[in-house]
Amino acid sequence: MKLLDGAIAAVDHGGSLGRASALFPHAPRPFVDLSTGINPHSYPLFELPATALSRLPESERLRELAEIAARTYGAPSAAHVAAAPGTQILLPRVASLVRPGKALVLGPTYAEHARAAAIAGHAAAEVDDFDALADADLAVLVNPNNPDGRVVERDRLLDLAAQLRAKGGLLVVDEAFMDVGPTGQSLAGHVGQGGIVVLRSFGKFFGLAGVRLGFALADRLTVERLDAQLGPWAVAGPALEYGIRALADPKWLGDMRRRLAGDAERLDALLARFDVPVAGGTSLFRFLSFPDAPTLFAALGERGVLVRHFAARPHVLRIGLPGSEEEWQRLEGALAAWASRRDDVAEETAP
């Protein structure tokens, strides 16, 4: 178990072009940002009604959004859905549903969960053993996991939820990438049992992170508590409009899942050409774990291609999908330059 000292401190994430510019000041612009795991093929933009900006959001539209989200994600009903301006704002509120105690996060994973638990007053620790989560008051895992794509089977999660529920604990499952995961493993349909909160992110799969929309799926009483904390008009008018239209578009969802799967296969093939091993991931990102990861990160960055690195694990990278042929070509060129330099060094140091 890894105790997380200073867990309330801000966490570094991917997607910051300002930090990228400081780190690679001479890189060609614009950057090809593959550091976020956000779909580069966003849901089509459309003209918003003027009232989405000029008036406060109507409660009827929020109910409509909750109904559509429940159908799309598989929650029992709209009463089991709390909508918020992104899942990030939900994290400390969800952690506060349990009185301060022991929070265990199955890691390595998205660092904001431990930070949110600490903000809520829990003693937060990261564990690498799933079975250890049963000892928690608040147990958190990401499924599929970020950044390695690990999936924990639904039956194991339900067993854990029952153990936690019996002692007044809570299981939080962040399904931010379940849109491109094995949806049969989702816990969304089981939240009515209590003791389970499932988080779903809108912006990642739909490629509209700036809309700031996310959901907590839970039993009715928990949803009422979260809604009361968020207060009226928690979801902005434009976010309501995009959420209602996009979540109710099954053709786009199906087509996009197939497109992303094809793009992920293409990325795997490209990486294999340059002997870069893929250790996991989802169809929105690939997970790399190998000794040359630091040199690859630097070489790509120098050529204006950003991937996600992790300061505590320098041998690990996460790489998202290029969004255009030009970006694919820039990634290929950067990989080729890195591989050529790597091979030259190998020749020079060979006995």
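Helices, meaning H or I runs of at least four residues, and strands, meaning E runs of at least two, are taken from DSSP and numbered from the N terminus. With that in hand, we can place P108 in the loop between strand β4 (102-106) and helix α5 (112-119).

Before going on, I should say that this is a predicted model, in which local features need pLDDT of at least 70 and side-chain atom pairs count only at pLDDT 80 or more, while totals for chains, interfaces and linings use all residues. Residues are numbered from 1 along each chain as its sequence is written, and side-chain values use heavy atoms, with hydrogens and water left out.

Let me stay with P108 for a moment, and with the backbone. Most residues other than glycine have a negative phi, and most peptide bonds are trans. The bond joining G107 and P108, however, is cis, with omega about -5°, and the bond from R29 to P30 is cis as well, its omega being near -5°. P30 lies in the loop between α1 (17-23) and β2 (32-33).

P108 also turns up among the contacts of N145, a residue in the loop between β6 (138-142) and α6 (154-166). If we take contact as heavy atoms within 4.5 Å, and leave aside neighbours within four places in sequence, N145 touches P108, T109, R150 and F285. Is N145 buried or exposed? On the scale used here, buried is under 20% relative accessible area, exposed is over 50%, and partly exposed is in between, with a 1.4 Å probe and protein chains only; N145, at 0%, counts as buried.

Two residues that are not glycines have a positive phi of about 60°, and I will take them in turn. R212 has this phi, sits in the loop between α7 (203-206) and β9 (214-217), and is partly exposed at 40% relative accessible area. D275 has it too; D275 belongs to the loop between α10 and β10 and, at 58% relative accessibility, counts as exposed.

That loop leads us to the sheet. Two strands are said to pair if DSSP finds at least two bridges between them, and on that basis there is an open sheet of four strands, in the order β10-β11-β14-β13, with antiparallel pairing. Because β10 (280-282) and β13 (308-309) stand at the edges with a single partner strand each, one side of each has no neighbour in the sheet. Between β10 and β11 (residues 285-289) there are three bridges, and G280 has F287 as its bridge partner in β11. Helix α11 (residues 293-302) packs on this sheet, touching β11, β13 and β14, and its direction makes about 40° with that of β14. Helix α10 (residues 250-273) lies across β11 and β14 (316-320), running at about 30° to β11; for these angles, axes are lines fitted to C-alpha atoms, for helices over the stretch in contact, and angles run from 0 to 180 degrees between N-to-C directions.

Finally, a word on distance. T349, in helix α12 (residues 325-349), is exposed, with a relative accessible area of 60%. How far apart are T349 and P76 in space? From C-alpha to C-alpha they are 62 Å apart, with their positions 273 residues apart in sequence counted as separation.
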